[in-house]
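Here is a set of short exercises, each with a worked solution. Try each task with the structure open before you read on.

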Amino acid sequence: MDLLIEKGDKRTYLSRYKVITTSFEESSPSVKRNNTQIQYRNGNVDFGGWNEAKTIDYVGYYRADDLEDEEYLRERIYALLSDPEGYYITQLKNDNDNSFERPGETSGDYFDKQVNRPSHKRFYVYASSLEYELVGSYGGHVLYKISATFTTMKLPYGESVPHDLDINNGIIPYAGTVSCSQLEQGFIVEFTAKASGSNLKISLNGTDFVAPGNVVSGDVLKMSGYEYLRNGVSIAKATNKAYFKLLPGVANKISSSIAGTIRILGYQDLYA
């Protein structure tokens with residue numbers, strides 16, 4: 001296995017610093033509830049709950065030619081993983097990670113034989129703990145173990161890489177396992193009118209966005225849940241300020257009352 005670190009446009013694989021990933025264990029998102037006890041009333045009054053954070057326990061090993069080389073590698077690994085501004089991590093899996101062989105069945109250095117494929121999700125995290133320890137030596141190399149706990153910084157979920165999605169059949173092919181809200185994830189619904197009309201209504205999963213007034217062919221409306229634009233000009237005061245959610249396990253049907261095309265900008269699948 002390997003671990004990909006992404007900071008803006010910069011991509012770094014931990015294997016670049018001679019690290020081989022042996023364990024990548026993610027927790028479920030932690031749950032927080034808001035409830036209170038009222039005097040003389042049995043039980044609590046519950047006001048709902050939400051997911052707070054997800055953690056990933058990571059273990060890897062890196063080899064060094066000598067103590068000087070180990071210090072060089074450790075400084076760069078620490079600098080990469082200790083960034084307080086956060087970064088994306090992606091697990092790269094190896095189909096042979098769980099395979100077995102007889103002693104002497106193959107030859108060569110295991111570190112140099114890794115062929116990995118990226119996971120379908122990544123996590124925006126910081127390293128809440130980072131430790132290393134000397135394991136021993138092998139083949140003239142010094143071997144160290146590095147352990148880290150990563151904690152999500154924004155969404156407590158795994159995220160697919162965002163992209164813009166054209167809707168052709170009225171169905172948003174959402175593959176996530178948890179709800180994806182515009183107010184949390186930030187995707188934008190873009191509608192381009194292909195006909196003229198009035199009182200535009202866009203519907204998704206039982207939620208209706210309504211924009212009173214006239215719409216002409218070629219008008220472009222963008223709805224983010226925070227901002228509502230028509231041809232780049234805010235129309236928030238005239239709308240019902242609705243926001244949309246993508247739901248797991250259902251056909252996320254989207255439609256408009258006026259003929260036009262719909263795109264989802266910054267589309268992502270979210271995974272618990």
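**Exercise 1. Find which residues Thr90 is in contact with, leaving aside its neighbours within four places in sequence, and decide whether Thr90 is buried or exposed.**

Step 1. Keep in mind that you are working with a predicted model. Find Thr90 in strand β7, which covers residues 87-93.

Step 2. Look for contacts beyond the sequence neighbours. One group of contacts is Asp2, Leu3, Leu4 and Glu6. The others are Pro118, Ser119, Lys121 and Arg122.

Step 3. Turn to accessibility. The relative accessible area of Thr90 is 7%, and the cut-off for buried is under 20%. Thr90 therefore counts as buried.

**Exercise 2. Place His120 in the chain and work out whether it is buried, partly exposed or exposed.**

Step 1. Go to the loop between β8 (117-118) and β9 (123-138); His120 lies there.

Step 2. Check its relative accessible area, which is 48%. Buried means under 20% and exposed means over 50%, so His120 is partly exposed.

Step 3. List its contacts, again without neighbours within four places in sequence: Glu159, Ser160 and Tyr271.

Step 4. Try a distance as well. His120 and Tyr17 are 103 residues apart in sequence, and their C-alpha atoms are 24 Å apart in space.

**Exercise 3. Trace the open sheet of four strands and say which strands are at its edges.**

Step 1. Write down the order, β13-β22-β16-β17, and note that the pairing is antiparallel.

Step 2. Pick out the edges: β13 and β17 each pair on one side only.

Step 3. Follow the pairs across the sheet. Strand β13 (residues 171-172) joins β22 (residues 252-256) over two bridges, with Ile171 opposite Lys253. Strand β22 in turn pairs with β16 (residues 197-204) over three bridges. Here Ile202 has Ser256 as its bridge partner, while Leu204 is partnered by Ile254.

Step 4. Finish with β16 and β17, which are joined by seven bridges. Leu204 has a bridge partner in this strand too, namely Thr207 in β17.

Step 5. Look at the turn. The hairpin of β16 and β17 has two residues between the strands, and Asn205 there takes a positive phi near 50 degrees.

**Exercise 4. Give the strand order of the six-stranded open sheet and find the residue opposite Glu190.**

Step 1. The order is β12-β23-β15-β18-β19-β20, with antiparallel pairing.

Step 2. The edge strands, pairing on one side only, are β12 and β20 (233-234).

Step 3. Inside the sheet, four bridges join β15 to β18. Across this pair, Glu190 stands opposite Lys222 in β18.

**Exercise 5. Which residues of the largest nonpolar core touch the most other members?**

Step 1. Begin with a general idea: in soluble globular proteins, nonpolar side chains tend to be buried together.

Step 2. The largest nonpolar core has 32 residues, and Ile172 and Phe191 touch the most other members. Two or more residues come from each of β12 (163-167), β15 (188-193), β16, β17 (207-215), β18 (220-223) and β23 (260-267).

Step 3. Look around Ile172. Beyond residues up to four places away in sequence, it touches Leu165, Ile167, Leu204, Leu246, Asn252, Ile254, Ile264 and Tyr267.

Step 4. There is also a second, separate core of 23 residues; among them are Tyr58, Tyr62, Leu80 and Ile89.

**Exercise 6. Describe the lining of the second largest pocket.**

Step 1. Note its volume of about 200 Å³.

Step 2. Mark the lining residues: Tyr88, Tyr124, Lys154, Leu155, Glu159, Pro162, Glu184, Gln185, Gly266 and Gln268.

Step 3. Sort them by kind, which gives four nonpolar, three polar and three charged.

**Exercise 7. Find where Lys18 and Lys241 lie and what their phi values are.**

Step 1. Recall that most residues other than glycine have a negative phi.

Step 2. Lys18 has a positive phi near 65 degrees. Its place is the loop between β2 (10-13) and β3 (19-26), and at 27% relative accessibility it is partly exposed.

Step 3. Lys241 has a positive phi near 55 degrees. Its loop runs between β20 and β21 (245-246), and at 45% relative accessibility Lys241 is partly exposed.

Methods:
Residues are numbered from 1 along each chain as its sequence is written. This is a predicted model: local features need pLDDT of at least 70, side-chain atom pairs count only at pLDDT 80 or more; totals for chains, interfaces and linings use all residues. Side-chain values use heavy atoms; hydrogens and water are left out. Two strands pair if DSSP finds at least two bridges between them. On a 1 Å grid over the protein atoms alone, a cavity is a set of points where a 1.4 Å probe fits but cannot get out, and a pocket is an open set with protein on both sides within 12 Å along at least five of seven lines; lining residues have an atom within 4 Å of a point. Grid points are joined across faces, edges and corners, and a volume is the space filled by probe spheres set on the points. Ala, Val, Leu, Ile, Met, Phe, Trp, Tyr, Cys and Pro count as nonpolar, Asp, Glu, Lys and Arg as charged, and the others, Gly among them, as polar. Buried means under 20% relative accessible area, exposed over 50%, partly exposed in between (1.4 Å probe, protein chains only). Contact means heavy atoms within 4.5 Å. A nonpolar core is a set of buried Ala, Val, Leu, Ile, Met, Phe, Trp, Tyr and Cys residues joined through side-chain atoms within 4.5 Å.
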